[in-house]
Amino acid sequence: MNKVHNAMTWAADSQTAGRELGKEFVEAFGGAAPDAIVVFASAKHDYPALLAALADEAGTEMIAGASSAGEFTQSARGEGVVSAMAIRSDEMQFALAVGRDIASDPRRAAGSMVDSFNGVAGNWARHRSALVMTDALAGHTDALVEELTVRTGGSYRFFGGGAGDDGRFEKTHVFAGREAYANAAVALEILSSKPVGIGVSHGWEPVGEPLRVTEASGATLVSLNGAPAVEAFKSHAESTGQRFDLASPLPFFLHNVLGIKSPEGHRLRVPLAIGEGGAIACAAAIPEGAIVHIMQTSDRSAVLAARHATRSALAALDGLAPAGAFVFDCVATRLRLGRAFEDELAACASALGPGGFVGCNTYGQIARADGQFGGFHNCTAVVCVLPQ
């Protein structure tokens, strides 16, 4: 049997926040320590103090998570707070894995993580998954996810996202045990006798003509169709009657993201700023030679996407009841929707029922599972459901 308990604390003091969560988890499990905890915390917190207090009070150091840019559960949403899930199970086994120095060698980081997995070399578990949180500001998340997939022989399902820092885009951290790391990724391996469900959906549609990425460098989009990248957005704004302030472009960009065309659909990238010569800084890498579209959506589409991702994850449980879920969506989605973001969370809560969920707004979302649109995404709802 798998049991989960979701919690949130508004305590400003990090030690107090950790103690509150740990105490609530132990009480929820009748005095027993959780087998694993996943925690998402605002950049306002002292992470080592938070994690140490949580570990001491909860009685476990099997703690994974990340700094975040908006935290929530099925019953509450906040910014500048801490959300967490505790798991107690006699049908799952957990392990922590850390990969360092992603900026210079993401493949080596992935190898270090897989070396800590217990299910790669053969294990009793039929179903193998891992929550993966990464410092997306270090870059190379696509390469990290791809290498994790290769080194596990495609036998694992991955879900998670890029750590946040309350929308500052300055420095993010991932958590393993009592430690917080920058320029790193952490994984919580989940080996289970029952299926773990993952669902992915974004609800954006392409508009206008396809565009060729003629020059790009990492997350900097230099040119489209041979012209400075900003020119395509200018033309799109004019043709659709939208205001595009070059001095403050983010409000426009939040409603007009880029979609990289692939056989499975469009993988989203959020433009963030206009650079020298009309280049566009994006939230994640865009490959040269790719075909992209400017994408648009609506508040209703975001809600439908969250509902679809949740239902897809539930369907993957093969009829088992959900114990609880993780939900990830982009900080850009929260900024674009404002208070309407609560409608997206309500759609997830309605589909999941009493098990509920915990999650956060991330700098990109990770998903790799059979039958799902895999890789590293922006503005995309990713839901992982744990079975009872």
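How much space lies in the largest pocket? I looked that up before anything else, and the largest pocket holds about 300 Å³.

**Ground rules**

I am working with a predicted model, where local features need pLDDT of at least 70, side-chain atom pairs count only at pLDDT 80 or more, and totals for chains, interfaces and linings use all residues. Residues are numbered from 1 along each chain as its sequence is written, and side-chain values use heavy atoms, with hydrogens and water left out.

**Pockets**

I used a 1 Å grid over the protein atoms alone; a pocket is an open set of points with protein on both sides within 12 Å along at least five of seven lines, a cavity is a set where a 1.4 Å probe fits but cannot get out, and lining residues have an atom within 4 Å of a point. Grid points are joined across faces, edges and corners, and a volume is the space filled by probe spheres set on the points.

I listed 18 residues lining the largest pocket, and those nearest its centre are Ala 136, Gly 139, Ala 219, Ala 284 and Ala 285. Helix α4 (141-151) and strand β20 (280-282) each supply at least two lining residues, and α4 has the largest share, with three. Helices (H or I, at least four residues) and strands (E, at least two) are DSSP runs here, numbered from the N terminus.

I then sorted this lining by class and got 13 nonpolar, four polar and one charged residues. In this scheme Ala, Val, Leu, Ile, Met, Phe, Trp, Tyr, Cys and Pro count as nonpolar, Asp, Glu, Lys and Arg as charged, and the others, Gly among them, as polar.

I found about 260 Å³ of space in the second largest pocket. It is lined by 16 residues, with Arg 128, Ser 155, Tyr 156, Arg 157 and Asp 370 closest to its centre. Strand β8 (residues 127-134) gives the most to this lining, three residues. By class I have five nonpolar, five polar and six charged.

**Cavities**

I searched the whole structure and found two cavities of 30 Å³ or more. The largest has about 80 Å³ of space. Its lining includes Phe 169, Leu 250, Leu 254, Cys 330, Leu 335, Tyr 363 and Gly 364. Two elements, α6 (250-255) and α8 (331-337), give two or more residues to it, and α8 gives the most, with three. I count 11 nonpolar residues there, one polar and no charged.

The second largest cavity comes to about 40 Å³. Among its lining residues I noted Ser 201, His 202, Trp 204, Asp 329, Arg 336 and Glu 344. Here α7 (299-315) and α8 are the elements that give two or more residues. The classes are five nonpolar, four polar and three charged.

**An aromatic pair**

Two names from the largest cavity's lining, Phe 169 and Tyr 363, came up again when I looked at rings. Rings of Phe, Tyr and Trp (its six-membered ring) pair if their centres lie within 6.5 Å; planes under 30 degrees apart count as stacked, over 60 as edge-to-face and the rest as tilted. I got 13 aromatic pairs by this rule. Phe 169 and Tyr 363 are stacked, at 4.2 Å centre to centre with 15° between the planes. Phe 169 is in the loop between β9 (157-162) and β10, and Tyr 363 in the loop between β23 (357-362) and β24 (365-368), so the pair ties together parts that are 194 residues apart in sequence.

**Sheets**

I traced an open, mixed sheet of six strands in the order β1-β6-β2-β3-β10-β11; two strands pair if DSSP finds at least two bridges between them. Its edge strands are β1 (2-9) and β11 (179-181), each pairing on one side only. β1 runs antiparallel to β6 (residues 82-89), with eight bridges, and Asn 2 stands opposite Ser 89 in β6.

I also followed a second open sheet of six strands, again with mixed pairing, ordered β5-β4-β23-β22-β26-β13. The edges are β5 (77-78) and β13 (197-201). Six bridges join β22 (residues 322-330) to β23 in parallel, and I noted Asn 361 in β23 as the bridge partner of Asp 329. Asp 329 is also one of the residues lining the second largest cavity.
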